[in-house]
Each structure stands twice: as C-alpha cells, then as structure tokens.
Amino acid sequence: MISEGSKILVTGGSGYIGNNLIRRLSEKNCDIVSISNKKIPNICPNPNVTNFLCDLEDFNSLSKVIENTNFDYVYHLAAKSNANPLDHDYSRAIKFNVNSTVNVLENIRHKKVKKFFFTSSSSVYDDNKSNLFEETMLLNPNNAYGVSKLCCEKIIYSYAKNYNIPSIALRLGSVFGKNDSNHLHLIPSIMASLQSSKIFLLKSDPSKIIDLVYVEHLCDFMLDVGNLSKCKTFNAINFSSYQTSINEIINLLENLFKKKLIFEIKKEKNTNRNGLMSLSLMEKTYSNYITPSLNSAIENTYHSFIRSNSSLWKS
C-alpha cells in the first residue's frame with residue numbers, strides 16, 4: 001500500500017474518480033497536489049491537499065505548479081470523454097487527452113516517480129469483433145475517446161521505456177459508485193429515471209453483458225502499490241469489478257426503488273463492441289483482494305443517491 005506521507009500528483013482531481021481517490025489518499029495523510037481544468041474539487045478540508053486550477057494543455061502553466069516538487073506517485077486521470085463521432089467537437093477529445101498526457105509526462109520525466117497511473121478505457125476495444133478482449137490484441141478503435149486513450153497509452157509506453165517511469169494504464173469499464181451525479185453514466189441515469197418515473201432511453205440491448213467498475217474497488221487497486229510493483233516498466237491492464245447484464249442492474253435497482261423502470265431502446269450508431277474484457281492479468285496482478293458483491297455495491301450507490309437527492313429537496 002502507499003505509505004503515509006507519500007507525495008502524490010493527481011490530475012483531474014475534480015472528476016468522479018479523482019474525487020474518490022483523493023479522499024482515500026487523504027485518509028493516508030499523503031501530501032497531495034490536485035490539478036483540475038475547471039472547478040476546484042469540493043473535497044473534505046485537509047491541510048495535505050493543495051488544489052490548483054490549471055490548463056493541462058498549457059505546458060508552462062503546468063510547469064509552474066509542479067516544477068519544484070518531486071512526486072512519489074502520479075495519477076493522470078484528467079480527460080475529455082464521451083465524444084460523438086458525428087459531433088463537431090470530435091477532435092477536441094483527441095487534442096486534449098494527448099496534449100495533457102504529453103505535458104504531464106514532460107514535466108515529470110526527470111523526477112524519480114515510483115509509479116505513473118493512467119486511466120485508459122475499454123473504448124480502445126471499440127470496433128473489435130472478438131468476444132474476449134485481451135490486452136495484447138491489435139486495436140483499431142473508431143471513436144475519438146478510444147483513439148485518444150490508445151494514443152496516450154503508446155506515448156506513456158515510450159516515456160516509460162526511455163525515462164524509466166514505471167507506468168500502468170488501466171483500461172476501465174463503466175465506472176459507478178457512491179456520489180456519482182453524472183446522468184450521462186448508466187447507473188445514475190437509471191436511478192434518476194426510476195425516481196422521477198420518466199422514460200429511460202437505453203442505448204443498447206438490455207441483455208448485453210457489460211464491464212462495470214466499482215469506484216472503491218478501483219481506488220483499492222490503485223493504492224495497492226505492493227502488488228503493482230511486480231509489473232513491468234509499462235503494463236496495460238483490463239480492469240473490471242463485475243461482468244453482468246444491463247437487465248441485472250435494472251432488476252437490482254427496481255427492487256431497491258420498488259418500482260419498474262419504463263424504458264425505450266434506441267441503439268447508438270457507430271458502436272460495434274459486444275465482447276468482454278479478459279481479466280486474467282488483473283486477477284494475477286491483484287489476486288489477494290476480494291471484490292464486494294454487486295448487490296452490495298449497487299445498494300451503497302443507491303443509498304448515496306437517495307441521501308444526495310434528499311438534501312437537495314430540503315435545500
């Protein structure tokens with residue numbers, strides 16, 4: 001595990017994963033620098049967390065923030081996501097994700113970083129006809145987000161080899177957990193529809209089995225440096241907490257809300273991925289951890305959603 005007092009850099013600290021990771025790092029009394037492109041993250045006050053509002057595409061601005069600090073661990077979580085191939089802003093995700101990754105790596109390449117973590121995505125497997133996605137397979141994603149993440153992996157690989165920066169790219173499934181209010185995400189959007197009794201627009205077949213990532217499980221993995229130290233200079237690792245159907249998620253949430261979800265199916269264009277990620281490398285790397293049950297994870301997420309919405313109604 002990461003030791004108390006470690007110096008940590010987190011990009012994308014105001015994002016969902018970043019917020020949860022910083023909370024967990026704060027509990028270990030780490031010295032954390034959190035960088036965000038937009039709002040300063042609303043994290044429980046901690047004298048060891050320093051927040052910076054910084055444009056990660058601006059190399060000089062980033063340098064001013066971190067040039068005088070040596071970090072033990074770097075978590076590069078910042079990203080533009082969910083780019084639609086038909087959208088006018090298609091190239092924005094590619095530009096930001098690639099430029100920010102290069103700038104972070106350039107600024108840390110001469111520091112003695114023990115581990116560099118990058119949150120990649122299962123989107124790198126888009127347009128792949130296989131039923132099982134292996135980390136070593138040839139990839140050719142057809143969407144901006146997947147393209148940008150794969151480009152970043154290649155860039156990180158190059159820096160890892162040339163500057164001896166031990167690095168891990170985690171290819172994540174759909175992330176969920178407590179305090180996720182992003183209604184673009186599957187589980188919060190289902191809960192919002194159940195609570196409001198509005199029709200839910202489902203973008204794929206409900207029988208489809210998907211990769212889900214419970215955010216607490218993800219944070220445990222990223223904090224378990226002991227096991228991860230066994231990895232090579234660079235590793236791309238598929239990461240999923242559960243492989244289950246959308247129907248199963250809907251059923252669990254319907255039982256908690258005690259009502260049926262009304263939904264329509266409108267499949268997205270330009271998506272062609274029906275396989276699941278192979279988890280053999282993840283399980284080999286992280287064999288000692290027991291994943292919480294899906295029921296427990298969904299129930300915790302539900303109770304957090306209810307508390308959050310109750311406080312909004314009272315205010």
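**Exercise 1. Classify Tyr159 as buried or exposed, then describe its ring partner.**

Step 1. Tyr159 has 12% relative accessibility and counts as buried. The cut-offs are under 20% relative accessible area for buried, over 50% for exposed, and partly exposed in between (1.4 Å probe, protein chains only).

Step 2. This is a predicted model: local features need pLDDT of at least 70, side-chain atom pairs count only at pLDDT 80 or more, and totals for chains, interfaces and linings use all residues. Residues are numbered from 1 along each chain as its sequence is written, and side-chain values use heavy atoms, with hydrogens and water left out.

Step 3. Take the partner, Tyr163. Its relative accessible area is 34%, so Tyr163 is partly exposed.

Step 4. Place both residues. Tyr159 and Tyr163 sit 4 residues apart in helix α4 (residues 144-163), so about one helical turn separates them. Helices (H or I, at least four residues) and strands (E, at least two) are DSSP runs, numbered from the N terminus. An α-helix has 3.6 residues a turn, so residues three or four places apart point the same way.

**Exercise 2. Find how many aromatic pairs there are, and work through a stacked one.**

Step 1. Apply the rule. Rings of Phe, Tyr and Trp (its six-membered ring) pair if their centres lie within 6.5 Å; planes under 30 degrees apart count as stacked, over 60 as edge-to-face and the rest as tilted. By this rule there are 9 aromatic pairs.

Step 2. Tyr75 and Phe117 are stacked, at 4.6 Å centre to centre with 5° between the planes.

Step 3. Tyr75 belongs to strand β4 (residues 73-76) and Phe117 to strand β5 (residues 115-121), so the pair ties together parts 42 residues apart in sequence.

Step 4. Check burial. Tyr75 is buried at a relative accessible area of 0%. Phe117 is buried too, at 1% relative accessibility.

Step 5. Contrast the helical pair. Tyr159 and Tyr163 are tilted: 5.5 Å centre to centre, 35° between the planes.

**Exercise 3. Describe α4 from its start to just after its end.**

Step 1. At the start, a side-chain oxygen of Asn143 comes to within 3.1 Å of the backbone nitrogen of Tyr145.

Step 2. Get the span. α4 has 20 residues and reaches 28 Å from its first C-alpha to its last, close to the expected 28 Å at 1.5 Å a residue. The expected span is 1.5 Å times one less than the number of residues.

Step 3. List buried positions. Among them are Ala144, Leu150, Ile155, Ile156 and Ala160.

Step 4. Just after α4, Asn164 takes a positive phi of about 55°.

**Exercise 4. Which residues surround Asp211, and where does Asp211 lie?**

Step 1. Asp211 is in strand β10 (residues 209-214). It is buried, with a relative accessible area of 9%.

Step 2. Asp211 touches Gly173, Ser174, Ser240, Tyr242, Gln243, Leu276 and Met277, not counting residues up to four places away in sequence. Contact means heavy atoms within 4.5 Å.

Step 3. The side chains of Asp211 and Ser240 make a polar contact (3.0 Å). Such a contact is a pair of N or O atoms within 3.5 Å; within protein, one must be able to donate a hydrogen and the other to accept it, and residues adjacent in sequence count only if both atoms are side-chain atoms.

Step 4. Follow Tyr242. Asp211 and Tyr242 are 31 residues apart in sequence and 5.9 Å apart in space, C-alpha to C-alpha. Tyr242 also forms one aromatic cluster with Phe176 and Tyr214.
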